[in-house]
Amino acid sequence: MQIYKVGGAVRDRLLGRPVTEVDWVVVGSSAEDMQAKGFRPVGADFPVFLHPTTGEEYALARTERKSGRGYGGFTFYASPDVTLEEDLTRRDLTINAMAEDSDGHVIDPYGGQADLAARQLRHVSPAFAEDPLRVLRVARFAARYAELGFNVAPETQVLMRQLAESAELDALTPERSWKEISRALMEPRPDVFLQVLRDCGALQVLFPEVEQLFKGSATQADSEMSAGHHVLRTLRQCANQQQPLPVRWACLLQPLGKEEQPGHQPSTRDAQCLQMIEALNTRFKVPRDCQELALLTGEFHSQAQDCLQLPANILLNMLQHFDIYRRPERFEQFIATLEMDATGRPGQGSRDYPQARHLRGAADAARAVQAKPLIDQGHKGAELGEALKRERLAAVEKYQQQSSAWKTLNC
């Protein structure tokens, strides 16, 4: 039995990057041998085992054969006679198809080190085109390593386009898709993830609503002024500011359906936006925190941009929808989406965003109203709720008056 370190741990060590996760492949062993040594099997579909002490994953060397559609449409063969090279050839990219023995010697049968030096994301074999999930994975690696100068090799782009034009992407499960999408959005260049998907035609299949943002008007189509390119800039700003996943997801979906259309009122565009956000949340079974922030951002983004002129009752209604009293962190994430959107616009840069200060001030004013004095006055039940609302409205009105007076004095 021979054990090799494989995949990302080898790749990142050679790149001089931190190694956060180690995978191992075992050659010349069987499932029975592994369990006899105390390794615990993981599931029934893959010959993968957990180390009895470290908990790290050890996989038996295996080959695979396409047997159906989608990511799970494969038959695996694991046996002591499967070689390391045969195991590595089933991997997606050459930079992920390297191994390292116990002496630190790198086994590189498919040119991974050369592609690291050339900053190329290149497929290992034509079998790449059998797994549609690899389209998302390559785009994610492009987002991770873009700042190191990595690009997708032209021949790999051809295979990615073939997958996008087939029906294979439709066979991906929401869970697997979301895992790749969410990880890609948290990479240093999430905008590159979208651009790579767009270049191979996969964005149109997976995110047709987002692809539409790049169309724009006849004068804006595919230009830096299109809504799509604004989304790319906003996502890059999110990464620069290390925003969490819910903010990045909300920034991606916020513009959907809101592009200017002759004869369409803002309310119609906002309703269309919410329908599209709902559709994408459902399509990928998005986690609840991301769903909620995206929907609230789609609904209240336009109001929040105009918050300096909003009547107090409209502003308070917005604050109540975010549940600023029990969920203050969600409101802060909403403000972050506004700031990312504003600083992502051409020429905006890192300018001050006064709406953020105004929204925080109004929220603080509403939160400062306490229920106890009203209870002491004898209010209870529904009557207490109405009294709280009146007091909070008065507090927001007072804040707006003071804010307006301060601006007048400083003009």
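Phe331 and Phe334 both belong to helix α16 (residues 328–343), where they are 3 residues apart, about one turn of the helix. An α-helix has 3.6 residues a turn, so residues three or four places apart point the same way. The structure in which these two residues are found is a predicted model, and this pair offers a convenient way into it. Both Phe331 and Phe334 are buried. A pair of aromatic rings is described by the distance of the centres and the angle of the planes.

A second pair, in another helix, can be read in the same terms. Phe141 and Tyr145 both lie in helix α5 (residues 133–145), and they are 4 residues apart, which is again given as about one turn of the helix. The rings of Phe331 and Phe334, for their part, have centres 6.2 Å apart and planes at 35°, so that pair is tilted. By the rule used for ring pairs, the count comes to 10 aromatic pairs. Phe141 and Tyr145 form one that is stacked, with 6.3 Å from centre to centre and 5° between the planes. Both Phe141 and Tyr145 are buried. Ring pairs also reach beyond helix α16, since they link Phe300, Phe322, Phe331 and Phe334 into a cluster.

Charged side chains take part in the surroundings of some rings as well. The charged end of Arg140 sits over the ring of Phe141, 5.0 Å from its centre, and the charged end of Arg392 sits over the ring of Tyr325, 3.9 Å from its centre.

Helix α5, which holds Phe141 and Tyr145, deserves a description of its own. The helix is mostly covered, with 12 of its 13 residues buried, and among the buried residues are Leu133, Val135, Leu136, Val138 and Ala139, together with the arginines Arg134, Arg140 and Arg144. At 1.5 Å a residue, the 13 residues of α5 should span 18 Å, and the end C-alpha atoms of the helix are 19 Å apart, which agrees. The same reckoning can be made for helix α17 (residues 354–367), whose 14 residues should span 20 Å at 1.5 Å a residue, and whose end C-alpha atoms are 20 Å apart, which agrees. In α17 the buried residues include Gln355, His358 and Leu359, along with Gly361 and several alanines, among them Ala362 and Ala363.

From the helices the reader may turn to the strands. The chain has 19 helices and 11 strands, and an open sheet of 7 strands runs in the order β3-β4-β5-β2-β1-β8-β9, with mixed pairing. At the edges of this sheet stand β3 (40–41) and β9 (106–107), each with a single partner strand, so one side of each is left without a neighbour in the sheet.

Strand β5 shows how the mixed pairing arises in detail. Strand β2 (residues 23–27) and strand β5 (residues 57–60) pair in the parallel sense over 4 bridges, and Trp24 stands opposite Tyr58 in β5. Strand β4 (residues 48–50), by contrast, runs antiparallel to β5 and is joined to it by 3 bridges, with Tyr58 of β5 as the bridge partner of Phe49. The hairpin of β4 and β5 has 6 residues between the strands, and in it Gly55 takes a positive phi near 80°. A helix also meets this sheet: α1 (residues 8–15) lies across β1 (2–6), β8 (99–100) and β9, and runs at about 55° to β1.

Positive phi values are found in loops too, in residues other than glycine. Arg119, which is found in the loop between α4 (112–118) and β10 (120–121), has a phi near 60°, and at 28% relative accessibility Arg119 counts as partly exposed. Lys285 lies in the loop between α13 (266–283) and α14 (288–305), with a phi near 50°, and at 52% relative accessibility Lys285 counts as exposed.

Two figures describe the chain as a whole. Of its 411 residues, 48% count as buried. Among contacts between residues at least 6 apart in sequence, 64% join residues at least 24 apart.

Key. Residues are numbered from 1 along each chain as its sequence is written. This is a predicted model: local features need pLDDT of at least 70, side-chain atom pairs count only at pLDDT 80 or more; totals for chains, interfaces and linings use all residues. Side-chain values use heavy atoms; hydrogens and water are left out. Rings of Phe, Tyr and Trp (its six-membered ring) pair if their centres lie within 6.5 Å; planes under 30 degrees apart count as stacked, over 60 as edge-to-face and the rest as tilted. Helices (H or I, at least four residues) and strands (E, at least two) are DSSP runs, numbered from the N terminus. Buried means under 20% relative accessible area, exposed over 50%, partly exposed in between (1.4 Å probe, protein chains only). A charge sits over a ring if NZ of Lys or CZ of Arg is within 6 Å of the ring centre and within 35 degrees of the ring normal. Two strands pair if DSSP finds at least two bridges between them. Contact means heavy atoms within 4.5 Å. Axes are lines fitted to C-alpha atoms, for helices over the stretch in contact, and angles run from 0 to 180 degrees between N-to-C directions. The expected span of a helix is 1.5 Å times one less than its number of residues.
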